[in-house]
Amino acid sequence: MELSHIVFDVVSSFAIVAIFMPFLIGYLVAHKEGQSIREEGPKWHEKKSGTPTMGGLLIIIAMLITNIWVGAWQGQLTHSLLITTFVIVLYGCIGFIDDFIKVFKKRNLGLRAYQKALLQIVVGIIFLYVYNGDQLPMNFTIPGLVSIDSVIIFVLFTLFWLVGFSNATNLTDGLDGLLGGLGAISYATYGIISINENRFDLAIVCFSVVGALLAFLIYNHKPAKIFMGDVGSLALGAGLAAISILLGRYWSLLLIGLVYVIETLSVMLQVFSFKVFHRRIFKMTPIHHHFEMMGWTEWKIDGVFWIVGLICSTIYLILFV
């Protein structure tokens, strides 16, 4: 895969989002369809109420179009490219339903937790069914410790990975620009890994998402003109999980996606501590809100979290690639 092909990949998705996002924003503003802010969130976030959401919809469309035409042009319209695109689109559909309920039904909670989880699991099962056609080894491995040739364990782990990381990126999407920047770093890292392993089909997917996210940041940096919404955040996490599995490097996501892991753990620890000890560990969770409550600006939190994500990705590339 030549550098020029990567550039076409990034530029294609970047251009689609950059050109058409103002029209999406204009449509949502004209119809007064904006995001309702959680009552339990930071009080100063209330001024963001009414900001258009569902920006992730255009990210997915740009990724889909770019994957198809670049994949066909390079002769890389493979099973892996299609299944990864398929997972991102379907998890995006789940997020779209969630956003639709929030925006048009004016119910900030969107889908019930069990409804969202059920849909995520169903898409995961479909992914596993199609994935098996790749004839890749369905074994669960902990490097240096154990390798288990068990389809059942692999299936359960894969479902956990897809659902877990789609929710993790969803939790991370709480500040202007935060997930957009982190997502671009994570997908670029897997794009580099894919090229190194001659998986050019997956590299196309990764860099098309990178281009879309970079364009999205033009409109999503503070003060955001539009939010990503669940349609984008759920899709991004599921895509990262699927790519890590198809590359046979699922554990890499614990380091490359360390910020997502920490965001999720902060919520779990907070709930556990409050229910068991009736005390809070953090001022507010996910943890980016904790730093907000400490007086950090959104730009500072974005910058620090992006740097952490970049350092973790660089460490993985140096040590394992």
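Helices here are DSSP runs, numbered from the N terminus. With that in hand, select H278, which sits in the loop between α10 and α11. This is a predicted model, so treat the tour as a walk through a prediction.

**Stop 1: the loop between α10 and α11**

H278 has a positive phi of about 60°, although it is not a glycine. Most residues other than glycine have a negative phi, and most peptide bonds are trans. Is H278 buried or exposed? Its relative accessibility is 61%, so H278 counts as exposed.

Stay in this loop and select P286, which also lies between α10 (258-277) and α11 (287-293). Show the backbone from T285 to P286: the peptide bond there is cis, with omega near 0°.

**Stop 2: two loops beside α7**

Now go to N198, in the loop between α6 (178-196) and α7. N198 is not a glycine, yet its phi is positive, near 60°. N198 counts as exposed because its relative accessibility is 56%, and the cut-off for exposed is over 50%.

Next, select P223, in the loop between α7 (200-220) and α8. Which kind of peptide bond, cis or trans, runs from K222 to P223? The bond is cis, with omega near -5°.

**Stop 3: the annotated binding site**

Select N170 and D230 together. An unreviewed UniProt entry annotates these residues as "binding site". They span 61 residues in sequence, yet no two of their C-alpha atoms are more than 6.5 Å apart, so they gather at one spot.

Look at N170 by itself, in helix α5 (residues 151-172). N170 has a relative accessible area of 18%, which makes it buried, as the cut-off is under 20%. Setting aside residues up to four places away in sequence, N170 touches K116, D230, S233 and L234.

Then move to D230, which has its place in helix α8. D230 is buried too, with a relative accessible area of 7%. Beyond its neighbours within four places in sequence, D230 is in contact with G95, D98, D99, K102, K116, N170 and A235. Display the side chains of D230 and K102 to find a polar contact between them at 3.2 Å.

**Stop 4: inside α2**

Select T66, which is found in helix α2. How buried is T66? Its relative accessible area is 0%. Show the T66 side chain and the backbone oxygen of A62: the side chain reaches that oxygen at 2.8 Å. Apart from neighbours within four places in sequence, the contacts of T66 are D9, S12, S13, I16, G71 and S208.

**Stop 5: the cavity**

Rolling a probe the size of a water molecule over the atoms shows where empty space is left. How many cavities of 30 Å³ or more does a search of the whole structure find? The search finds one. The largest cavity holds about 50 Å³ of space.

To see its walls, select I59, I60, M63, I88, V209, G232, A235 and L236, which line the largest cavity. Colour α2 (56-73) and α8 (230-246) as well, since each supplies at least two residues of this lining. Now colour the lining by residue type: seven residues are nonpolar, one is polar and none is charged.

Before you leave, look at A235 once more: this lining residue of the largest cavity is also among the contacts of D230.

How values were computed
Residues are numbered from 1 along each chain as its sequence is written. This is a predicted model: local features need pLDDT of at least 70, side-chain atom pairs count only at pLDDT 80 or more; totals for chains, interfaces and linings use all residues. Side-chain values use heavy atoms; hydrogens and water are left out. On a 1 Å grid over the protein atoms alone, a cavity is a set of points where a 1.4 Å probe fits but cannot get out, and a pocket is an open set with protein on both sides within 12 Å along at least five of seven lines; lining residues have an atom within 4 Å of a point. Grid points are joined across faces, edges and corners, and a volume is the space filled by probe spheres set on the points. Helices (H or I, at least four residues) and strands (E, at least two) are DSSP runs, numbered from the N terminus. Ala, Val, Leu, Ile, Met, Phe, Trp, Tyr, Cys and Pro count as nonpolar, Asp, Glu, Lys and Arg as charged, and the others, Gly among them, as polar. UniProt positions are given in the numbering used here, feature names are shortened, and annotations may be inferred rather than shown by experiment. Buried means under 20% relative accessible area, exposed over 50%, partly exposed in between (1.4 Å probe, protein chains only). Contact means heavy atoms within 4.5 Å. A polar contact is a pair of N or O atoms within 3.5 Å; within protein, one must be able to donate a hydrogen and the other to accept it, and residues adjacent in sequence count only if both atoms are side-chain atoms.
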